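User: I would like to go through the labels given to some residues and ring pairs. Please set each label against its cut-off.

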Amino acid sequence: MKNIFETKETEAVVNRINSLSPTTQPLWGKMSADQMLAHCNVAYEMIFEDKHPKPTGFTKLMLKLFVKNTVVNDKPYKKNSRTAPQFVISDTKNFVEEKARLTDYLWKVQGLGEEHFDGKESHSFGPLSSQEWNNMFYKHLDHHLNQFGV
C-alpha cells in the first residue's frame with residue numbers, strides 16, 4: 001500500500017484528483033464526479049470537523065467488530081461496495097469546491113504526518129495505528145479515483 005503520509009504519494013493523489021473534470025464519468029457506480037469528491041470528503045470531515053455524530057454503544061461495537069478490518073486493512077475495496085449512510089451523497093455538489101476541500105484535507109493530513117495519527121482515535125473505530133490510518137486514507141481515495149479512471 002502506498003503511503004499517503006509521504007509527500008510524493010500525496011502529490012500523486014492530488015495530481016489524480018486534479019485530472020478530474022465535472023464531466024468525468026465513472027467506470028462503475030452511480031456517483032457523479034462532484035458527488036464522489038464530496039463522498040471522499042466525509043472521511044476527513046469526521047476527523048477535522050464536527051459535522052457527523054459519532055456512533056456510540058452497540059453501533060460502535062458493531063463497526064469495530066464487523067467493518068473496521070475491511071476499512072483499515074490493505075486489501076482494495078470491491079467495486080460497488082456498500083457504504084455507510086453518512087457517506088451517501090445524493091444531491092449535486094459544487095465540483096470546484098469539493099475538489100479544493102479534498103486536496104486541502106490531503107495536504108493537512110500530509111502536514112500533520114504519521115506521528116500525529118499513530119494512536120489517534122477514529123470517529124468510528126477507536127484508536128488506529130498510523131498504518132491503519134494510511135490504509136484507510138489511501139485505499140478509499142485510490143478506489144474512487146480508479147472508479148473515475150484517473
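Analyst: One value to begin with, from what is a predicted model: F48 has a relative accessible area of 22%.

User: Why is F48 called partly exposed?

Analyst: Buried means under 20% and exposed means over 50%. F48, at 22%, falls in between, so F48 is partly exposed.

User: What makes Y105 buried or exposed?

Analyst: The relative accessible area of Y105 is 8%. The cut-off for buried is under 20%, so Y105 is buried.

User: Why is the pair of F48 and Y105 called stacked?

Analyst: The ring centres are 6.0 Å apart, and the planes are at 15 degrees. Rings pair if their centres lie within 6.5 Å, and planes under 30 degrees apart count as stacked, so both conditions are met. F48 belongs to helix α2 and Y105 to helix α5, so the pair ties together parts 57 residues apart in sequence.

User: How many aromatic pairs does the structure hold?

Analyst: There are 8 aromatic pairs. One of them joins F5 and F137, with centres 6.3 Å apart and planes at 75 degrees.

User: What makes the pair of F5 and F137 edge-to-face?

Analyst: The distance of 6.3 Å is within the 6.5 Å limit for a pair, and 75 degrees is over 60, so the pair counts as edge-to-face. F5 lies in the segment before α1 and F137 in helix α6, so this pair ties together parts that are 132 residues apart in sequence.

User: How do you know whether F5 and F137 are buried or exposed?

Analyst: F5 has a relative accessible area of 7%, and F137 has 3%. Buried means under 20%, so F5 and F137 are both buried.

User: Which residues do ring pairs link into a cluster?

Analyst: The cluster consists of F5, Y44, F48, Y105, F117, W133 and F137.

User: Why is K139 said to lie over the face of Y77?

Analyst: K139 is at 4.6 Å from the ring centre of Y77. The distance limit is within 6 Å, so that condition is met. K139 is placed over the ring face.

User: What is the span of α5, and where is its kink centred?

Analyst: Helix α5 covers residues 95–117 and spans only 28 Å between its end C-alpha atoms, where a straight helix of 23 residues would span 33 Å. A kink of about 55 degrees in α5 is centred on G111.

User: What caps the N-terminal end of α5?

Analyst: N94 does: a side-chain oxygen of N94 lies 3.1 Å from the backbone nitrogen of V96. The limit for a polar contact is within 3.5 Å, so the distance fits.

Definitions and conventions. Residues numbered from 1 in each chain as written. Predicted model: local features only at pLDDT ≥ 70, side-chain atom pairs only at ≥ 80, totals over all residues. Heavy atoms only, no water. Helix = DSSP H or I, 4+ residues; strand = E, 2+ residues; numbered from the N terminus. Expected span 1.5 Å × (residues − 1). Bend = angle between axes of the 7 residues up to and from the residue. Polar contact = N/O pair within 3.5 Å; in protein donor to acceptor, adjacent residues only side chain to side chain. Buried < 20%, exposed > 50% of the residue type's maximum accessible area, 1.4 Å probe, protein only. Lys NZ or Arg CZ within 6 Å of the ring centre and 35° of its normal.
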